[in-house]
Amino acid sequence: MPKIPYQFLPQPITESFRVLEFKGENTGCSWHFHSEYQLSLILKGCGQRVVGDMIHPIKEGELTLLGANLPHVWRYDTNQTDDIHVIVVHFSEDFAGKEFLSKPEMRSIKLLLARANQGLQVGGKTRKAITVELEKLPRIKGFKRVLSLMG
């Protein structure tokens, strides 16, 4: 499989958030930040993840949520013989509308996004439930994709 460069493409006009799926040889990315929140699911691969000033090992099955403009990089092991498989979602705070997070029902989500400014690793039953939905995202479109992200 050819190398897949890790680059940020302009957000598609036809969608309110971006879903990237990386399968193939380890190409990694450079230290960067962006204005969107980032939800990352590692299905296959290992190495080190640097978020802000913290360094942690990358483990298969891990799920992380990063706040907007938080510097980060994922470095996959260069001696890894297996290919990587990663699903990344970039979304802005207002992807569902400017007033969406100001609704009373969204208070816990707004607090979660505020906590993501430091970077969060998701575990337990929550990670399992989100993983099921994220694995679907690259193959679905339209409103079903929005529902799956929010589910």
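Hi everyone. Let's start with one residue: Y37 is buried, with a relative accessible area of 6%. Buried here means under 20% relative accessible area, exposed means over 50%, and partly exposed is in between, using a 1.4 Å probe and protein chains only.

Before going on, a word on where this comes from. This is a predicted model, in which local features need pLDDT of at least 70 and side-chain atom pairs count only at pLDDT 80 or more, while totals for chains, interfaces and linings use all residues. Residues are numbered from 1 along each chain as its sequence is written, and side-chain values use heavy atoms, with hydrogens and water left out.

Now the overall layout. The protein has three helices and eight strands. Helices (H or I, at least four residues) and strands (E, at least two) are DSSP runs, numbered from the N terminus. Reading from the N terminus, the order is β-β-β-β-β-β-β-α-β-α-α. Of the 151 residues in the protein, 38% are buried. If we take contacts between residues at least 6 apart in sequence, 68% of them join residues at least 24 apart; contact means heavy atoms within 4.5 Å.

Back to Y37 and the company it keeps. How many aromatic pairs does a search of the whole structure find? The search finds three. Rings of Phe, Tyr and Trp (its six-membered ring) pair if their centres lie within 6.5 Å; planes under 30 degrees apart count as stacked, over 60 as edge-to-face and the rest as tilted. The rings of Y37 and F91 have centres 5.5 Å apart and planes at 15°, so this pair is stacked. Y37 sits in strand β2 (residues 37–44) and F91 in strand β7 (residues 84–91), so the pair ties together parts that are 54 residues apart in sequence. F91 is buried too, with a relative accessible area of 10%. F91 also forms an aromatic pair with F95, this one edge-to-face, at 5.8 Å centre to centre and 70° between the planes. F95 counts as buried at 18% relative accessibility. Put F17 together with Y37, F91 and F95, and you have one aromatic cluster.

Next, please look at helix α3 (residues 142–150). Which of its residues are buried? They are R145, V146, S148 and L149. These cover an arc of only 165° around the axis, which puts them on the same side of α3; the arc is that of the directions from the helix axis to the C-beta atoms. On the other side of α3, F143 and K144 are exposed. What do the buried residues of α3 pack against? The partners are β1 (18–24), β2, β7 and α2 (124–136).

G142 is in helix α3 as well, and at 46% relative accessibility G142 counts as partly exposed. G142 and T14 are 128 residues apart in sequence, yet their C-alpha atoms are 8.8 Å apart in space.

Just before that helix comes P138, in the loop between α2 and α3. Setting aside neighbours within four places in sequence, P138 is in contact with V19, E21, I87 and R145. The C-alpha atoms of P138 and E21 are separated by 6.7 Å, with their places 117 residues apart along the chain.

Now for the empty space. The largest pocket has a volume of about 660 Å³. Of the 26 residues that line this pocket, the closest to its centre are I109, L112, I130, L149 and M150. Elements giving two or more residues to the lining are α1 (107–115), β8 (120–122), α2 and α3, and α2 gives the most, with five residues. On a 1 Å grid over the protein atoms alone, a pocket is an open set of points where a 1.4 Å probe fits, with protein on both sides within 12 Å along at least five of seven lines, and lining residues have an atom within 4 Å of a point. Grid points are joined across faces, edges and corners, and the volume is the space filled by probe spheres set on the points.

One last stop, at strand β3 (residues 47–51), where we find G47. G47 is buried, with a relative accessible area of 11%. Not counting residues up to four places away in sequence, G47 touches H56, P57, I58, R75, Y76 and D77. The C-alpha atoms of G47 and D77, 30 residues apart along the chain, are separated by 4.7 Å.

Thanks for listening!
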